[in-house]
Amino acid sequence: MGSRALVPLQGRSRRGRSRFFTAPGRSWLIAGGKEAEPPSLFFFFFFAMMNKIAFFDFDGTITRRDSFSDFLRFSVGWRGLLTGMTVLLPYIVLYALKIIPNYKLKARAIRYFYGGWDFKTFEAIASDYSRCQLPRLLKESAMERLNWHKEQGHKVVIVTASLRYYLKPWCDLNGVDLIATEIETRDGPPGASWSGKERTRIITGQLATKNCYGPEKVRRIREKYDLNDSTYIYAYGDTRGDREMLQLANESYYRHFQT
C-alpha cells in the first residue's frame, strides 16, 4: 500500500493531514476510493491510546430550534419580544440581505433587550431557563451521541455562538465543557446596591468576546485545548458557521441529527 492514507467511509479527514487509521468497526478505503484491507492491530492500539475530543455546535445541531430566540421569549415575554423585533426590524432586514454580519445583529439585540439590566438578575433568569426550558429543545439522537462520547471517556465540548449564561448550568449538569459568546458588564452607577463588598454589575449591551462563529470557533478551541497529533477530533455542526470547526476534525458530521 505504500504511503497511501486510509480514510473512513463516513466523516472527513482533518484538512492537510494524512491519517493511517480511523475508528474500529468502520469500512476502509484507500484515499482515492479503492478498497483496502483494515489496518493492523498496531493501528487499532494506537487509535485506542489517542486522546479523543468531540466538539458539538449547539443550536440546530443539539437543539431543534434557535436557543437565543427562545431565551429572549423566556426572559422578556412574547410582548417584549415582538416589540423588540419591530424596533430591530431594519437590522434584521440588513442581516437577511447580508449587508451586516450576524454579530452586529446579535449585539444590537443584546443592547436593546438587556442593556442596563442587573447582571445577577440576568444570571438568575438564565439559570431558570437552563433548568426549565432548555431541555425541551434537545434532539434525542444528538443527546444519545453526546452521551456515547462521554461513555467512551472522550472530552465533550459545546462550541456555540449562543450566550454562555444559559448554557453553562446545562453543561455543568451534563459534565461537558463550554465555549460560547459572552456579554460585557460594568460596575453599577454610584448609589447602586452592594452585595457585601461586591458592587452591582450592569450589562452594557456590548459583547465581551467575539461572536463564537466561523473561524472564531477554531481560534477559541485552539486557545483552550492543545490539539496535537495524538488528539483524535470529532466535530458536529449544521451551518456554514461550523465549517472551519468541521474542517479541523478527523471525523466531521454535518446535519447528522434529525430528531
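This is a short tour of a predicted model, stop by stop, with something to select at each one.

**Stop 1: two crossing helices.** Start by selecting helix H2 (residues 67-87) and helix H5 (residues 119-132), which pack at an angle of about 115° with their axes 10 Å apart. Their crossing is right-handed. Now show side chains: from H2, Ser 67, Asp 70, Phe 71, Phe 74 and Ser 75 meet a set in H5 made up of Phe 122, Ile 125, Ala 126, Asp 128 and Tyr 129.

**Stop 2: Asp 70 and its partner.** Stay on Asp 70 and add Arg 65; their side chains form a salt bridge, 3.4 Å from N to O. Asp 70 is buried, with a relative accessible area of 6%, while Arg 65 is partly exposed at 41%. The structure holds 12 salt bridges, so let's visit some others, since side chains of opposite charge can pair when their charged atoms come close.

**Stop 3: a pair within one helix.** Select Lys 168 and Asp 172, whose closest N and O atoms are 2.8 Å apart in a salt bridge. About one helical turn separates them, because they sit four residues apart in helix H7 (residues 164-174).

**Stop 4: a link between distant parts.** Next, pick Lys 217 and Asp 242, joined by a salt bridge of 2.5 Å, N to O. Lys 217 lies in helix H8 (residues 215-224), and Asp 242 in the loop between strand E11 (231-237) and helix H9 (243-248). Both residues are buried. Add Asp 57 to see a network of salt bridges linking Asp 57, Lys 217 and Asp 242.

**Stop 5: a nonpolar patch.** Finish at the surface with Leu 89, Val 93, Leu 97 and Ile 99, which make a nonpolar patch of about 380 Å². Val 93 belongs to helix H3 (residues 89-96) and is partly exposed, at 39% relative accessibility.

Technical notes
Residues are numbered from 1 along each chain as its sequence is written. This is a predicted model: local features need pLDDT of at least 70, side-chain atom pairs count only at pLDDT 80 or more; totals for chains, interfaces and linings use all residues. Side-chain values use heavy atoms; hydrogens and water are left out. Patches are made of residues with over 30% relative accessible area and no salt bridge: like charges are joined within 9 Å, nonpolar side chains (Val, Leu, Ile, Met, Phe, Trp, Tyr) within 5 Å. Accessible areas come from the Shrake-Rupley method with a 1.4 Å probe; for residues, only the protein chains shown count as cover. A salt bridge is a side-chain nitrogen of Lys or Arg within 4 Å of a carboxyl oxygen of Asp or Glu. Buried means under 20% relative accessible area, exposed over 50%, partly exposed in between (1.4 Å probe, protein chains only). Axes are lines fitted to C-alpha atoms, for helices over the stretch in contact, and angles run from 0 to 180 degrees between N-to-C directions. A crossing is left-handed if the near helix is turned anticlockwise from the far one by less than a right angle, and right-handed if clockwise. Contact means heavy atoms within 4.5 Å.
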